[in-house]
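Work through the exercises below with the model open in a viewer. Try each task before reading its solution.

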2 protein chains.
Amino acid sequence: MTPTDGKPGRRRGQELENALLDAAWDELNDHGYGAFTIDAVAQRAGTSRAVLYRRWPTRDELAQAAITHAVRTVVRTVPDTGSLRGDLIAMLLDFNETRSQFAAMLSVHLGAFYAETGQTIADLRRSIVREESGPTVQEIYDRAAARGELDPDRLTPRIANLPFDLYRHDIMVTLQPLSEAAVVEIVDDIFLPLVRPRPA
Amino acid sequence: MTPTDGKPGRRRGQELENALLDAAWDELNDHGYGAFTIDAVAQRAGTSRAVLYRRWPTRDELAQAAITHAVRTVVRTVPDTGSLRGDLIAMLLDFNETRSQFAAMLSVHLGAFYAETGQTIADLRRSIVREESGPTVQEIYDRAAARGELDPDRLTPRIANLPFDLYRHDIMVTLQPLSEAAVVEIVDDIFLPLVRPRPA
DNA sequence: CCAATAAGAAACACTCGTGTATCTAAGGAG
DNA sequence: CTCCTTAGATACACGAGTGTTTCTTATTGG
């Protein structure tokens, strides 16, 4: 392992490539895809365009690579607090920490990207979800059903996605992380009443 | 009234201005704000850039004007079918006709615009809602409450917006109008159960 | 009918980003 | 220590869009 701190000297191989993709991602975050230029990425990474062109032939492929790279670095955790309510609130608040900026960025800056590639946010989400392919929220629902907190018959696909759809909607519309009150509202006032087992 | 059809000859005044703003709006729709150029607008409008520069000094002001102009031409209707369910479904399906493209366009193409102006979709919606300032969905809720179809105590602000938030979320994520089934699902499976008066 | 106005065409200098090519020197492999 | 890959710098031709200016001519108002 070569020392990674101190004066960077001249970076190579994987270290350099990560730095390039990070710079590209930051550039996307700060200025959006519309103003996403190879030049700016090179400057931010402290290198020259040639280094970028050696790896990615076009702007779009660099952007794609940067997005994929950023996605890969997101770690996903599925909480297990012992209650459905606690799990969902924890999960959404964790999203606030780890993903709200990511989601906002995707929503706001990538319009031109979607337009050019013909993709939609839904498409991108699918490929991200496939990429992660780890444990999912379904675990939370399964545990809740086992505890009798949730009626599986009431959990239609749309309702299963409801808390996350509402979370995502808020992010896309306000570009800010949700307040804890908003998260609690989504869970307590909307989701839980819809899935709670009815007293027969 | 001068004849408005036939060979357009040389347009002037309001007629020309409308044509310019329409062309700008179409250009935004087709290619997004990222690829929104004065040149393209001039070409689409069948005129020269000078004509545009005489009216709007910058690209951004032209885009702003085009958006405002497009917003102004949207007519809003509030249905009155006699039932809450019917009103909401009618309203959302009407959105499908009149606004889904508009909403999709706003979500997707205007990222760079938001980034530059610092506005969010929420801000833009506020100014649009203010602009319209006509009858609102509140009317529908009031009538439903009067008929006893809706418990006003359960209608928190978030729940009042819920059908529209979900509608908007779907549009932003899929960039397509919602299927009628999806609209019915939002109303029947999610909204109505949350606001129906509980048998005391 | 005439004069004022403004549409529309065209040319210009300018900026910014692209993509390629060339050169140097850093730093790893042998 | 030496060679060889390649990071990083720099220069160039090119295209696309901007914003300005000048000129013409259609159209309108008086």
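The model is predicted. A base oxygen of DNA strand C lies 3.0 Å from an N or O atom in the side chain of B:Arg54. The exercises start from this contact.

**Exercise 1. DNA strand C**

Task: Find which residues are closest to DNA strand C, and state which part of the strand A:Arg10 and A:Arg49 each approach.

Solution.

1. Collect the surrounding residues. There are 21 around DNA strand C. The closest are A:Arg10, A:Arg49, B:Arg10, B:Arg54 and B:Arg55.
2. Split the strand's atoms that come within 4 Å of the protein. Sugar and phosphate account for 52% of them.
3. Take the phosphate side. A backbone N or O atom of A:Arg10 is 3.0 Å from a phosphate oxygen of DNA strand C.
4. Take the base side. The side chain of A:Arg49 places an N or O atom 3.4 Å from a base oxygen of DNA strand C. For B:Arg54, the side-chain distance to a base oxygen is 3.0 Å.
5. Assign helices. In chain A, helix H2 (38–45) and helix H3 (49–53) each supply at least two residues of the surface near DNA strand C. Helix H3 (49–53) of chain B does so too.
6. Sort by class. The surface near DNA strand C has 11 charged, six nonpolar and four polar residues.

**Exercise 2. DNA strand D**

Task: Repeat the analysis for DNA strand D. Which helices each supply at least two residues of the surface near DNA strand D?

Solution.

1. Collect the residues again. DNA strand D is surrounded by 21 residues, the closest being A:Arg10, A:Arg54, A:Arg55, B:Arg49 and B:Tyr53.
2. Split the strand's atoms within 4 Å of the protein. Sugar and phosphate make up 51%.
3. Look for a base contact. A polar side-chain atom of A:Ser48 is 3.1 Å from a base nitrogen of DNA strand D.
4. Look for phosphate contacts. A backbone N or O atom of B:Ile38 is 3.3 Å from a phosphate oxygen of DNA strand D. For a backbone N or O atom of B:Asp39, the distance to a phosphate oxygen is 3.4 Å.
5. Name the helices. They are H3 of chain A, helix H2 (38–45) of chain B and H3 of chain B.
6. Sort by class. Near DNA strand D, the surface has six nonpolar, four polar and 11 charged residues.

**Exercise 3. Nonpolar cores**

Task: Locate the largest nonpolar core. Then list what B:Phe191 is in contact with beyond its neighbours within four places in sequence.

Solution.

1. Size the core. The largest nonpolar core has 62 residues.
2. Find its best-connected members. A:Leu84, A:Tyr141, A:Phe191, B:Leu84, B:Tyr141 and B:Phe191 have the most contacts inside it.
3. Inspect B:Phe191. With neighbours within four places in sequence set aside, its contacts are B:Leu84, B:Leu88, B:Tyr141, B:Leu155, B:Ile159, B:Pro163 and B:Ile186.
4. Check for a separate cluster. Apart from the largest core lies another, of 25 residues, including A:Val41, A:Ala42, A:Trp56 and A:Leu124.
5. Relate this to a general tendency. In soluble globular proteins, nonpolar side chains tend to be buried together.

**Exercise 4. Salt bridges in chain A**

Task: How many salt bridges are there over all chains? Place A:Arg143–A:Asp80 and A:Arg85–A:Asp188 in the fold, and classify the exposure of A:Arg143 and A:Asp80.

Solution.

1. Count. Over all chains there are 24 salt bridges.
2. Take the pair A:Arg143 and A:Asp80. Their side chains meet at 3.3 Å, N to O. A:Arg143 sits in helix H9 (residues 137–146) of chain A, and A:Asp80 in the loop between helix H4 (59–73) and helix H5 (84–98). The two are 63 residues apart.
3. Classify both. A:Arg143 has 22% relative accessibility, so it is partly exposed. A:Asp80 has 51%, so it counts as exposed, the cut-off being over 50%.
4. Take A:Arg85 and A:Asp188. The closest N and O atoms are 2.7 Å apart. This pair joins helix H5 to helix H11 (residues 180–195) of chain A across 103 residues.
5. Classify these too. A:Arg85, at 38%, is partly exposed. A:Asp188, at 22%, is also partly exposed.
6. Add a third bridge. A:Glu149 and A:Arg147 meet at 2.6 Å, N to O.
7. Trace shared partners. A:Asp80, A:Asp87, A:Glu139 and A:Arg143 form one network of salt bridges.

Terms used
Residues numbered from 1 in each chain as written. Chains lettered and ligands numbered in written order. Predicted model: local features only at pLDDT ≥ 70, side-chain atom pairs only at ≥ 80, totals over all residues. Heavy atoms only, no water. Near = heavy atom within 4 Å. Polar contact = N/O pair within 3.5 Å; in protein donor to acceptor, adjacent residues only side chain to side chain. Helix = DSSP H or I, 4+ residues; strand = E, 2+ residues; numbered from the N terminus. Nonpolar A, V, L, I, M, F, W, Y, C, P; charged D, E, K, R; others polar. Core = buried A, V, L, I, M, F, W, Y, C linked by side-chain atoms within 4.5 Å. Buried < 20%, exposed > 50% of the residue type's maximum accessible area, 1.4 Å probe, protein only. Contact = heavy atoms within 4.5 Å. Salt bridge = Lys/Arg side-chain N within 4 Å of Asp/Glu carboxyl O.
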